[in-house]
Amino acid sequence: MITVDRLTKRYGGFTAVDDVSFEVGPGQVTGFLGPNGAGKTTAMRIMAGLTPATSGTATVLGRPYASLPNPGRYVGTLLDASAQHAGRTGREVLNLGAVFMGVDRNRVEEMLDLVGLTGKEAGRRVRNYSLGMRQRLGIANALLGDPEVLILDEPANGLDPAGIRWMRDLLRGYAERGGTVLLSSHLLNEIERVADEIIVIGHGRIVAQGTKDELLAGVGTFVRSVDDAALARALEGATVSASVLATGGLLVEAEPVDVGRVAAAAGLALVELRAGDSRGLEEMFLELTSDTAREEVAA
Amino acid sequence: MSTTTTHPVPGMPDPSTTARSPHAESPLPAVAATPPPIPGERPTRGVSFGRLVHVELRKMLDTRAGRWLVIGVGAAIATALVILFFVDGGQHPFGSYLQATTMPMAIILPVVGILAVTSEWSQRTGLVTFTMEPRRIRVGWAKFAASMLVGIAAFALAIGLAALAHQAAITFQGITPGWSIGGLVVAGAGLYVLLGLAQGVGFGMLFKNTPAAIVTYFALPTAWGILSSLVTWLDTAARWLNLDRTMNPLFLGKALTGEQWAQLATSVGVWVVLPLVVGMWRLSRAEVK
């Protein structure tokens, strides 16, 4: 369980995190979605006690992160897979974690198995790891203390589609056991594939949050008939708002069955009738990313 | 006609297709297993200081940089001892052998103290370290304690190696034994090693950056020494503030006067205690990125 309440972080005149509030509950995977520079990483670093907040609070399991005893046994974090000593071997990274948290050394081998790093690979220095291998090592490190909460920043970066699927299964299994998972991504389809709940952040503010089904649910009804213009008039007559799409067909703010009735009454044959596309989230997200892209060009 | 091409042996796998590049990556498991739980209750007590020191000690030695530093210290000591063993037929008192083993060590070991701190920032391992122990001051003191342990172990080794070399010179070169050494000289040499390490830790915390800490650690006292030899009033200040000068009486084997102790304490305060205190404060407040 993670509770973030009116969290704000300012750097001089720049507000990285702006009055953000949300809860991440146990038993599900929550995706933290936003373009690069939206404030995801800063918010996660505050949750893990690495960055002090300007105002507001973040608690994990009901208390500030810094007051957790032996926090590695409660919260597993992966904030940057590249943040490992290049001259240390993968196994040694986990060994250090095991000593730190006081967990059995066998756990290291179990975690290496879990993420599929072979003994030979574990004996190699991190400088020779690909980004995907670093992510796997980071996930192994996050899971080392058998935590109740996982906070993962862009864990799917550098993983191929099979890797993303593997991660989804892993995190789902973890959540089903009652774990709390918060993971961030700047890619909508990555989050779509992994998360149950989605929090969308842009320019430091939360712009949407809800279950994936809610956010991805279609809006209205898409309909195409032999005469779209006539159908639009008929819908207008029935006081149903409809817009003609440039690509053909109409987007109607009504249930498909009602649209069908209007068409039948008007005697218009339908070519296509279905729930509208789930364009809301995607469009909102594209808008956010294009904003950021513009700023990058301007800067 | 000789053939230079190799043909796959029938029935054997073709080496060209089975050989994997050294950096080939093993695939992820086909099925994602659920991580096994750790039996028992979760801890209600924080990470003990002893465990923090254990981790920090290990971190000093488990990287390539750490290992090379140890090898460097070893090589420097060996070189110094070999030179001493042959120059003038090895006819030097034990104190000289001890100096030969301690000096190279005292020069290189502070880098171990610096790296112990700065690598958390330069290698960004602080992201992991400070999430596992958010009370960063404890991590800072664990680094300090681990550095002191390294210093004590290294100094014990320096005494042992110096004794071994002196004994070897007695046995093989037939020199007159010269074992007598003032307790204060030994203590002074040990203190010299430990203060260097402590200063390294302090500078590491102060700068959070390896090159800046190392350059400042080595350049500042030298610059200070040159300046104070040129400017008269600086020379007066140097008697109180130049660590090399205030430590010097320790190696002469005579009891220090009250003023000398005060001078030593002042310089240690400025060069070792102050960087440590300010550095700890910075460590506890810095944003870990």
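Trainee: What does the side chain of A:Arg73 reach at 2.8 Å, and what makes that a polar contact?

Mentor: The side chain gets to the backbone oxygen of A:Gly145, at 2.8 Å. A polar contact is a pair of N or O atoms within 3.5 Å, where within protein one must be able to donate a hydrogen and the other to accept it, and residues adjacent in sequence count only if both atoms are side-chain atoms. So 2.8 Å falls within the limit. Keep in mind that this is a predicted model, where local features need pLDDT of at least 70, side-chain atom pairs count only at pLDDT 80 or more, and totals for chains, interfaces and linings use all residues. Side-chain values use heavy atoms, without hydrogens and water, residues are numbered from 1 along each chain as its sequence is written, and chains are lettered from A and ligands numbered from 1 in the order written.

Trainee: Why does A:Arg73 have no salt bridge?

Mentor: A salt bridge needs a side-chain nitrogen of Lys or Arg within 4 Å of a carboxyl oxygen of Asp or Glu. The nearest side chain of opposite charge (Lys and Arg count as positive, Asp and Glu as negative, and His and the chain ends are not counted) is A:Asp146, 5.0 Å away, so the rule isn't met.

Trainee: How do you know that A:Arg136 and B:Glu25 do form one?

Mentor: Their N to O distance is 3.3 Å, so the pair passes the 4 Å rule. This pair crosses between chains, from helix α5 of chain A to the loop between α1 (15–18) and α2 (49–61) of chain B. Helices here are DSSP runs (H or I, at least four residues; strands are E, at least two), numbered from the N terminus.

Trainee: Why is A:Arg136 called buried or exposed, and what about B:Glu25?

Mentor: Buried means under 20% relative accessible area, exposed over 50%, and partly exposed in between (1.4 Å probe, protein chains only). A:Arg136 has 3%, so A:Arg136 is buried. B:Glu25 has 33%, so B:Glu25 is partly exposed.

Trainee: What makes B:Glu56, B:Lys59, B:Glu120 and B:Lys143 a network?

Mentor: Salt bridges link the four. B:Glu56 meets B:Lys143 at 2.7 Å, N to O. That pair joins helix α2 to helix α6 (residues 136–173) of chain B, so parts 87 residues apart in sequence are tied together. B:Glu120 also meets B:Lys59 at 2.7 Å.

Trainee: Why do B:Glu120 and B:Lys59 count as buried?

Mentor: B:Glu120 has 2% relative accessibility and B:Lys59 has 11%, so both are under the 20% cut-off.
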